[in-house]
Amino acid sequence: MRKTDILKAIQKLNPAEKHRLREYLIDALTASSSTGNVLQEISERKNKSGYHCPDCESKHIVRYGTYSTIVDGDEVEKQRYRCKACKKTFTDLTNTALYRTRHLNKWIKFIECMIEGYSLRKSAELVGNVTHVTLFYWRHKLLSSLKQMEISNFEGIVEMDETYFLYSEKGQRKIKDRKPRKRGGSAKKRGISNEQVCVLVARDREKMTFSQTLGMGRLTKEQLDKAIGHKLSSENVLCTDSWRAFKTYAAEKGMDIYQFKSDGKVRTKGLYHIQNVNNYHRRLKGWIQRFNGVATKYLNYYLAWFQVLESIQHQRNPITMNDLMIKGNLIQNMETYDTLRLSRFTI
């Protein structure tokens, strides 16, 4: 069959059939992307300036035998190292999201589920032979690494606006000071109060994005400076809503600022507006609804997750899946199941 005939046949498919064809092609391409190649890439990029001990940072490292692991369904030997300074042994995956993972060959499929934003239970069905509890650990360990990724300094016009999420203790068995809410519920007080978590989103015109929880209730200029001040300079021009903390901060830093009231009567002033950041808020809240509420202590993880998805335009293909797996394992990660489960929301 000629290429043109194939294209004509595809065009005749209904939307559901096209979706199934797309899923089949992605799975076929993913099957050819080797976990072994990803692990090799992690090793090369992690050690590009030479081997160093993850415990004491010494560079006096020697090879120290091998260990067996399952990669792409086959048992392979991977290198182990020993530090001559502290005498401890380690591997290329020590203190990464993949550390002590028994199912390395399942991770590419799991990354695919994360890009799609599937629930833990649906992901467990698709990944196979892994429980949703294990995938909770995988998800949050990977996200704790992605959360640590630094963004570049902002350039030119920077849009800033805060949005709010109701404080949530989802998953907590014994909640103090209030009755449990079902699937989020609503705040007792009207407007913005200390029942709500402030999330700041800042974005320049190159789509460089910062998103992070800053505290409970209204944003303050001290929180703003602590979170993002090192990414800004007097050369930046701020576009914000009318909240006074932004104006006070800009005045103290000698920055130009354009502010827009929430009534929407004046939405633009030439090049200056906050439409990009408001659209980001809308997409973020629409995406996060699928999880039926997120525990506030994990909210920064989900903000980092969505930020990564936006950077790859939610595209699921072998390149984006491999890249996400590699980047998430180049950052030191000391989290365990218990440290994640027992963590608390702190400001």
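The following exchange concerns helix packing, nonpolar cores and a sheet in a predicted model.

Residues are numbered from 1 along each chain as its sequence is written, and side-chain values use heavy atoms, with hydrogens and water left out. In this predicted model, local features need pLDDT of at least 70 and side-chain atom pairs count only at pLDDT 80 or more, while totals for chains, interfaces and linings use all residues.

Trainee: How are α4 and α11 oriented to each other, roughly parallel or roughly perpendicular?

Mentor: Helices are DSSP runs (H or I, at least four residues), numbered from the N terminus. The axes of α4 (residues 107-116) and α11 (residues 318-327) lie 9 Å apart, at an angle of about 105 degrees; axes are fitted to C-alpha atoms over the stretch in contact, and angles run from 0 to 180 degrees between N-to-C directions. Angles of 65 to 115 degrees count as roughly perpendicular. The two helices, α4 and α11, are therefore roughly perpendicular.

Trainee: Which strands stand at the edges of the open sheet?

Mentor: Strands are DSSP runs (E, at least two residues), and two of them pair if DSSP finds at least two bridges between them. The order in this five-stranded open sheet is β6-β5-β4-β7-β8, with mixed pairing. Each edge strand has a single partner, so one side of each is left without a neighbour in the sheet; these are β6 (209-216) and β8 (256-260).

Trainee: In which sense do β7 and β8 pair?

Mentor: Cys 239 stands opposite Tyr 258 in β8. Over five bridges, β7 (residues 237-241) and β8 pair in the sense called parallel.

Conventions:
Parallel < 35°, antiparallel > 145°, perpendicular 65-115°, else oblique.
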